[in-house]
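Work through the exercises below with the model open. Try each task before you read its solution.

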Amino acid sequence: MIDETIQRCLILSFLILIILSPSTATVEPNSANIFDFIKDAEFIKDVSIAAVGAVLAFLFSFLLSQITERRKPRKQLSYDLEVEKGLVKIEKNIEKKVKTFYNNKEIGSLFHVICDIKNTGNKVIKNEFIRFEFPQGTELIDFYYDPKPERELDVSEVADPELQSNEKKFKIGHFEHGQKVGLRFILSGNVDIEPRIHSFNEEGDVEFIPRSISKALDERLQVTRFIHLYLLFIIVPRSE
């Protein structure tokens, strides 16, 4: 929707520039081409005003629809996910000679999973369940919050008997707009860690997306607004 609107705006701006161009308004009296019948400067002026009015009406209506859409109630959670291998870098040629211990327990390769979840919508979200699924063959050896959630968020780990040893489940009881929860995991294993995140809300209608997508949507909206302002700049008459 936004991409199509941007293309239309660019086409309209090109047409307006042609209409308002001085070369277009000047027609040779003896020219024999398809525009010979347009010899009245007043007529060209009327056409230009009508075209400008149409474009302005389109821009204002679209801008109004975007503002209305932006203000609509929207439940949206965005997350950033990062996986770091090893807290200390070990060279390949000595890796087999080094043993890794965590909390006095010998482990294999160590992974640090960082996940930040933020309410990027404009409504309060209640009782949101988040389940983390890690690959088979990995061992979840520790977990903590960073920073520690405020009590009002009512964040807790869920003891679900259906959970596998490679899974963790949490509940966020009360999630206001702009609030963020940081979850950290320490895992051991000899396979690449690619966590999968599953969300569930009994009320439904909660969008759960990577933060990169949320940022991209915001950036596209900013580009659209810039094009609107640019079009207004080139088509609105300026006093000289």
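Strands (E, at least two residues) and helices (H or I, at least four) are DSSP runs, numbered from the N terminus. This is a predicted model: local features need pLDDT of at least 70, side-chain atom pairs count only at pLDDT 80 or more, and totals for chains, interfaces and linings use all residues. Residues are numbered from 1 along each chain as its sequence is written, and side-chain values use heavy atoms, with hydrogens and water left out.

**Exercise 1. Place Glu 167 and describe its surroundings.**

Step 1. Find the strand. Glu 167 belongs to β8, which covers residues 167–175.

Step 2. Judge the exposure. Buried means under 20% relative accessible area, exposed means over 50%, and partly exposed is in between (1.4 Å probe, protein chains only). Glu 167 is buried because its relative accessible area is 13%.

Step 3. Look for polar contacts. Such a contact is a pair of N or O atoms within 3.5 Å; within protein, one must be able to donate a hydrogen and the other to accept it, and residues adjacent in sequence count only if both atoms are side-chain atoms. The side chains of Glu 167 and Arg 131 make one, at 2.6 Å. A polar atom of the Glu 167 side chain also lies 2.8 Å from the backbone nitrogen of Gln 164.

Step 4. List the touching residues. Contact means heavy atoms within 4.5 Å. Not counting residues up to four places away in sequence, Glu 167 touches Arg 131, Phe 132, Glu 133 and Glu 162.

**Exercise 2. Is Lys 168 buried or exposed, and which side chain does its own side chain meet in a polar contact?**

Step 1. Lys 168 sits in strand β8.

Step 2. Its relative accessible area is 17%, so Lys 168 is buried.

Step 3. The partner is Glu 157: the two side chains make a polar contact at 2.5 Å.

Step 4. Leave aside neighbours within four places in sequence. Lys 168 then contacts Ile 130, Arg 131, Phe 132, Leu 140, Glu 157 and Phe 185.

**Exercise 3. Which residues does Phe 200 touch, not counting those up to four places away in sequence?**

Step 1. Locate Phe 200 in strand β10, residues 196–201.

Step 2. Read off the contacts: Asn 127, Glu 128 and Phe 129.

Step 3. Check a C-alpha distance. Phe 200 and Arg 131 are 69 residues apart in sequence, and their C-alpha atoms are 8.4 Å apart in space.

**Exercise 4. Describe the backbone at Asn 127, Asp 205 and Pro 147.**

Step 1. Take Asn 127, in strand β5 (residues 125–133). Its phi is near 55°, a positive value in a residue other than glycine. Asn 127 is partly exposed, since its relative accessible area is 41%.

Step 2. Take Asp 205, in the loop between β10 and β11 (207–210). Phi is positive here too, about 60°, although Asp 205 is not a glycine. With a relative accessible area of 71%, Asp 205 is exposed.

Step 3. Take Pro 147, in the loop between β6 (138–145) and β7 (155–157). The peptide bond leading from Asp 146 to Pro 147 is cis, with omega near -5°.

**Exercise 5. How many residues separate Lys 85 and Ser 109 in sequence?**

Step 1. Start at Lys 85, in strand β1 (residues 76–85). Lys 85 counts as exposed because its relative accessibility is 55%.

Step 2. The two are 24 residues apart in sequence, with 7.5 Å from C-alpha to C-alpha.

Step 3. Not counting residues up to four places away in sequence, Lys 85 touches Ser 109, Leu 110 and Phe 111.
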